[in-house]
Amino acid sequence: MKRDLTPRAHRRPWQLGTAALAATSMLLLAACGGDGGEEDGAGTENTEGSMSGFAADQQFKATEPVDFSILWTDWPDLPIKDSWRIFDEIAERTNVTLEPTNIPFSDATEKRSLLISAGDAPDIIPLVYTGEDAPFVSSGAVLPMSDYVDLMPNFEKYVQEWDLGGMIDNLRQDDGKYYMVPGLQEVSVPVFSMILRKDVFDEVGAPVPETWDELRDALVKIKEKHPDSYPLADGFEGQSMLNYAAHAFGTVGGWGFGNGTFWDEEAGEFTYAATSDGYKEMVEYFHGLVEDGLLDPESLTATSDGSTDELSEKVANSAVFAASGASGTVVEFQTALQAADPDAEFELVQIAPPGGPAGQVVEPRNFWHGFMISAEAKDDPNFVAMVQFLDWLYYSPDARELLRWGIEGETYTKDADGTITIDPEYSLDAFNINPDGKTDLQKDLGFSTFLAEATESRALKESYNSDQFVEYMDRVLESRTPREPFPPAPLDDAELEQASLLSTPLKDSVDTNTLKFVLGDRPLSEWDAYVTELEGQNLQGYLDLINGAQQRFAEKN
Amino acid sequence: MVTQSGMSLSSGRVRPGKPVGARDTRGYRAFTVFNTAALVVVSLLMLYPFVTVLAQSFSSPGAIKAGMVSFWPVGFNLETYRAVAQDQMFWTSYRNTVVYTLVGTTVAMVLTTTFAFVISKRHLRGRGVLIGIAVFTMFFNGGLVPNYVLISSLGLKNTMWAVVLPGAVSVFNLLVMKSFFENLPQELEEAAQIDGLGWFGIFGRIVLPLSKAVLATMVLFYSVAYWNDWFAAFLYLDKNDLFPVTLFLRNLIAGASTTASEGAAAVGSTTQAVSANIQAVTMILTIVPIVCVYPFVQRFFVSGVMLGSVKG
């Protein structure tokens, strides 16, 4: 063989290449999860650094300096800085140094799941919304927080004071425990409702609508005056409007459709929202608006990607006079109107969601995002101190004020009746407060971040929101009733999978057909056919699953 | 997009292989006209989004919001470039990207060329196994979490190596390079051996200098891949000051559409949408360097790919 010119000794170095490929053995390393949740209160003997007799409204201070790692979501316009004053101030007050693990906002949930599944998550996992703990229950990667609430006096105090006990019970998973503790809100109002040009409503002699029928009357009058306009629009593919309208019609829809079930108090079971009479009535109502040219059909179909630019433009051109939006949207509309005509005179208000056949009902009270604790933290000698610290950070009034406004006497002052005023040196651009201040509380010092919004008293909420929003909030609170929350029906792992297999196609059919009915692409006379179609997709099987889970849970607890 | 337009442009420019001596038939001329027209249209389609982003980056935010910007900047504005250029975080990320790309490409080239050379030798015992190991990874992998656990247990997390090493041997590139090496004349190596060169010498002094075309192509492939990569960095890096610019950009763009769902919209109080203008500026600044590389390797690029695949 002519190839055998090769001296053998020369071959060896090349074999090193194989070493690099030994990496295939990585499959063996896939071990995740732990054994958390079995022994109740395990870890409570790890009391190093904790305070004995820690009580509500008391300043927490670890008896020795401790470090806790925390997951920190990074918003693109609010990058975390090591120099942020908030970390120094927390360390000074509590002896706790927070060590953030940064995750970019763009893919925060994915990265969080990855870290938790790989058993590599930091001790403290904040920014967890209710229900987001469910996927981690069975793996035991996060601690059942319900076992530890007795270490959290502030949490217990404010749950009671703000009457949230019943809602806490709704957080329980299939095993009767809850794995995240939520941010508590003394009051909660729908973030999204309707924004309208009050001056235009005044002009045609229509009052601010309290019900959807009144709204219709007003829209008819406006249409007469501005025949080329579509006075009402949504801008969020209809999802926002259906969401807040559904409550008034005694059902759920749009963003709030959830898993599609609706608790029937009388029958004592879950029914499917999208086949209910209330839902039909709502669809009929909106179809009527479209038919009479009162509701902009384009705004129900155009993909928004979360931007309200197109809608703002329509508002600015007086093609739309009422639209869905949040307090931020009001500002966007204002800017657009002023850009179109600097001398324009207008008055924009966010109104309480109109009432309907089901009464002056709005969405149920809400929790805000809270935190979970990684299962490994329980073996940390400072575990109890960690729980106490989090209780202080999330729920004590002092910490709430610190997180929002910074340091009293330095960045803000508080007078006798509790009114908070920002120091003239500082600004809070995110809420357009004192924009001339040199140092921004949020961007430069790290206050008013996501931690600040988790738990808020009514007074604190009012302290930084615009007068307009406070007015809206007051209006909702005094004239609207939040719907009672549904009883919990937690599913186990296998059921969860089955439920999502069933509910996803159902929801797709509902979304498509709702839009078709509203736009008139499908006549309402075909409603029964639509219901039959849903039933053909094993609607009953799905409901049985949910109702079964509800009954099982009710018996167990 | 960059790769695509680069390729279609180049194939537009390459002279069509006219049959020697034959007169242009009417059909052939029609074909040429049609071909050119089609390629020009495709190129324009590829270029349009690029041009729009470029125009947006020089426009005023108001004009973009009003949807007035398509080919040409409206309300010329350099302010955003100035603002982005003053963003410390942007330059930190930018520096990281440059470092990751340079180191990554170097490491990848060393590993790929050496490995490809080995498996291009038909007489090597166990060659099939080596190729098999590499090809196996084209079809199967451990999955996200195991990979993460691997990187993390190797202690690579929050280091440059977590970004550099996992992508260091691209099997596709490896196979292209292998077939290129296989096609080098055997006699050259034999002559070198007779003249006393060992395998290292043959590889370094004979094979590599003869393979400039494929090397340039691979450098381009690897550097573009490293430059554009965000996923590895997203998985394995937890510190802002380690993030590459792609991650910075991705976060920026996602931040602009926070209101896509109600939950996120409610958080709107702490975030203000990042304007399309800032996005455009960041995108342009991010792609300019890698786009600039293309003209320099263009000639290698075309001949390199052809050599590796067709000849032999």
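The exercises below walk through the domains, cores, strands and one helix of a predicted model.

Residues are numbered from 1 along each chain as its sequence is written, while chains are lettered from A and ligands numbered from 1 in the order in which they are written. Since the model is predicted, local features need pLDDT of at least 70 and side-chain atom pairs count only at pLDDT 80 or more, whereas totals for chains, interfaces and linings use all residues.

**Exercise 1. State which domains chain A has and describe the contact between them.**

Step 1. The domain assignment, whose bounds come from an automatic or database source, gives chain A a domain 1 of 66-188 + 367-400 and a domain 2 of 191-362 + 483-557.

Step 2. Taken over C-alpha atoms, the centres of these two domains of chain A are 32 Å apart.

Step 3. Contact is counted when the C-beta atoms of two residues, placed from the backbone, lie within 7 Å; seven residues of domain 1 of chain A are in contact with eight residues of domain 2 of chain A.

Step 4. On the side of domain 1 of chain A that touches domain 2 of chain A there are one nonpolar, four polar and two charged residues, where Ala, Val, Leu, Ile, Met, Phe, Trp, Tyr, Cys and Pro count as nonpolar, Asp, Glu, Lys and Arg as charged, and the others, Gly among them, as polar.

**Exercise 2. Do the same for chain B, and find which helix gives the largest share of the touching side of domain 1.**

Step 1. Chain B is divided into domain 1 (2-77) and domain 2 (84-309), and 10 residues of domain 1 of chain B are in contact with 12 residues of domain 2 of chain B.

Step 2. Helices are DSSP runs of H or I with at least four residues, and strands are runs of E with at least two, numbered from the N terminus; α1 (2-13), α2 (26-57) and α3 (61-65) of chain B each supply at least two residues of the side of domain 1 that touches domain 2.

Step 3. The largest share, four residues, comes from α2(B), and the residues of this side of domain 1 of chain B divide into five nonpolar, five polar and no charged.

**Exercise 3. Describe the largest nonpolar core and the helix that gives the most to it.**

Step 1. A residue is buried if 20 or more other C-beta atoms, placed from the backbone, lie within 10 Å of its own, exposed if 12 or fewer, and partly exposed in between; a nonpolar core is a set of buried Ala, Val, Leu, Ile, Met, Phe, Trp, Tyr and Cys residues joined through C-beta atoms within 7 Å.

Step 2. The largest such core has 126 residues, and among those with the most contacts inside it are Phe371(A) and Ala233(B).

Step 3. Helix α14 (residues 383-395) of chain A gives the most to this core, with 11 residues, and 13 of the 13 residues of α14(A) are buried.

Step 4. The expected span of a helix is 1.5 Å times one less than its number of residues; for α14(A), with 13 residues, this should be 18 Å, which agrees with the 18 Å between its end C-alpha atoms.

**Exercise 4. Find the strands that pair with β12(A).**

Step 1. Two strands pair if DSSP finds at least two bridges between them; strand β3 (residues 124-128) of chain A pairs with β12(A) in the antiparallel sense over three bridges, with Ile125(A) having Met372(A) as its bridge partner.

Step 2. Strand β4 (residues 181-183) of chain A is joined to β12(A) by two bridges, also antiparallel, and Gly183(A) stands opposite Trp368(A).

Step 3. Five of the six residues of β12 (residues 368-373) of chain A are buried, so this strand is largely enclosed by the rest of the structure.
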